[in-house]
Amino acid sequence: MLNKLGDIKSNAQHEIQEADGLSVLESIRVKYLGKKGSLTEILRSMGSCPPQERPALGMQVNKVRALLEEQLTRKQEELSAKMLELRLKSERIDVTVPVEAPHVGSLHPITAVRNELISVFMSMGFDVAEGPEVETDYYNFEALNIPQDHPSRDMQDSFYITENLLLRTQTSAMQIRTMEKQKPPIRIICPGRVFRADEVDATHSPVFHQLEGLVVDKGITMCDLKGTLDAFAKKIYGSDTKTKLRPSFFPFTEPSVEVDVTCSECGGKGCRMCKDTGWVEILGAGMVNPKVLSGCGIDPNVYSGFAFGLGIDRIAVTRYKISDMRLLFENDLRFLEQFKSAL
Ligand code: PHE
């Protein structure tokens, strides 16, 4: 019996020593000290020993039990500490490790320029008006005094949906919609998409963006037009910028002008961007044709006005030195991401 006890003791001690987890330790405890454990079994079988040996044997069994219990407790503490340490090590957060920057998008160059133009004109007291991209022949042409035989009315030049409906070819349609609704004084801009049946190349796109301006009030003259566009050009291209008006023709303005600004690239000396002229054309404008005013129910003997229309894409192209307009519409992230810091 004593030998058996000795074996149990040394086996148990060995197993405790080797245990590498709390559940293993628990099964060792059950195996030796549990209700059906080998030590308990020895106590139970003590009945078969001679009575004089029993007290000594009982003492030995209790000693072994106490020893194993103590060792189990110690091992348990040891394993718990080890596991805690492992967890602390593996779950440690190093707050000094640089984080991967989140992928942030940015404004498209056209949107950025559009927003800038809007804020410049709003600071001059203009309101923003928006109109439909699908327009009627009346607003896009007829009411703007564009005659039946004008080339832009041709199927080859405009995208017609029905005989009477087309994708607007100019934001000028909003001049009419505004004047029909609102009595002077009027001071609005209308930024938006326009469509023309152009072949795609480095400087043409069938979809592009314009910003229309319209001012109607008593006593508006060409000086107001020149002053407004001069102030605008200085804000967009820099305070040294000069503007110049050249005679032109639009059916809905009379007189009509094209407005040039000194080339922002060379400051007016002449370079590739301005084709050595020192000037870059930025918009078309003019005094609202009295015929257009009266067509909208505004008395041209009392009121006068000016209107202008500029190309947002063209400003974006010159501002960011974009060599090919197609890049603006292809949504290539390698191109668009270059404007992150600029905008
Ligand atoms: N709508 C004209 C164009 O698309 C530009 C313009 C607008 C001219 C307003 C004069 C007045 O070319």
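**Entry 1: strands E7 and E8**

I began with Val261, whose bridge partner in E8 is Val280. The model I am reading is predicted, so I noted its limits: local features need pLDDT of at least 70, side-chain atom pairs count only at pLDDT 80 or more, and totals for chains, interfaces and linings use all residues. Residues are numbered from 1 along each chain as its sequence is written, and side-chain values use heavy atoms, with hydrogens and water left out.

I looked up the terms for strands. Strands (E, at least two residues) and helices (H or I, at least four) are DSSP runs, numbered from the N terminus. Two strands pair if DSSP finds at least two bridges between them.

Strand E7 covers residues 253-262, and it pairs with E8 in the antiparallel sense over 8 bridges. I then checked how enclosed E8 is. Buried means under 20% relative accessible area, exposed means over 50%, and partly exposed lies in between (1.4 Å probe, protein chains only). In strand E8 (residues 279-288), 8 of the 10 residues are buried, so the strand is largely enclosed by the rest of the structure.

**Entry 2: the sheet**

I traced the order of the strands. An open sheet of 7 strands runs E1-E4-E5-E9-E8-E7-E6, with mixed pairing. Strand E1 (127-128) and strand E6 (243-250) are the edges, each pairing on one side only.

Next to the edge, E6 pairs with E7 in the antiparallel sense over 7 bridges. There I found Ser248 with Ser256 of E7 as its bridge partner. E8 and E9 also run antiparallel, joined by 5 bridges. Ala285 has Phe308 in E9 as its bridge partner.

**Entry 3: strand E5**

Which strands pair with E5? E4 (residues 186-195) pairs with E5 in the antiparallel sense over 10 bridges. E9 (residues 304-311) is joined to E5 by 8 bridges, and these two run antiparallel. I noted one residue pair for each: Arg193 stands opposite His209 in E5, and Val215 stands opposite Phe306 in E9.

Why is E5 largely enclosed by the rest of the structure? In this strand (residues 207-217), 9 of the 11 residues are buried, so little more needs saying.

**Entry 4: salt bridges**

I looked for salt bridges, meaning a side-chain nitrogen of Lys or Arg within 4 Å of a carboxyl oxygen of Asp or Glu. The whole structure holds 17 of them.

Arg246 and Asp260 meet in one, at 2.8 Å from N to O. This pair links distant parts of the chain, with Arg246 in strand E6 and Asp260 in strand E7, 14 residues apart. I compared their exposure: Arg246 is partly exposed at 30% relative accessibility, whereas Asp260 is buried at 5%.

Arg65 and Glu69 form another, at 3.6 Å from N to O. They are 4 residues apart in helix H4, so about one helical turn separates them. Glu69 is partly exposed, with a relative accessible area of 38%.

I also checked Asp332 and Arg334, whose closest N and O atoms are 2.7 Å apart in a salt bridge. Asp332 is partly exposed at 27%, and Arg334 is exposed at 66%.

**Entry 5: helix H4**

I ended with Met83, which lies in helix H4 (residues 54-90). Is Met83 buried or partly exposed? Its relative accessible area is 44%, so Met83 counts as partly exposed. Met83 and Thr40 are 43 residues apart in sequence, and their C-alpha atoms are 31 Å apart in space.
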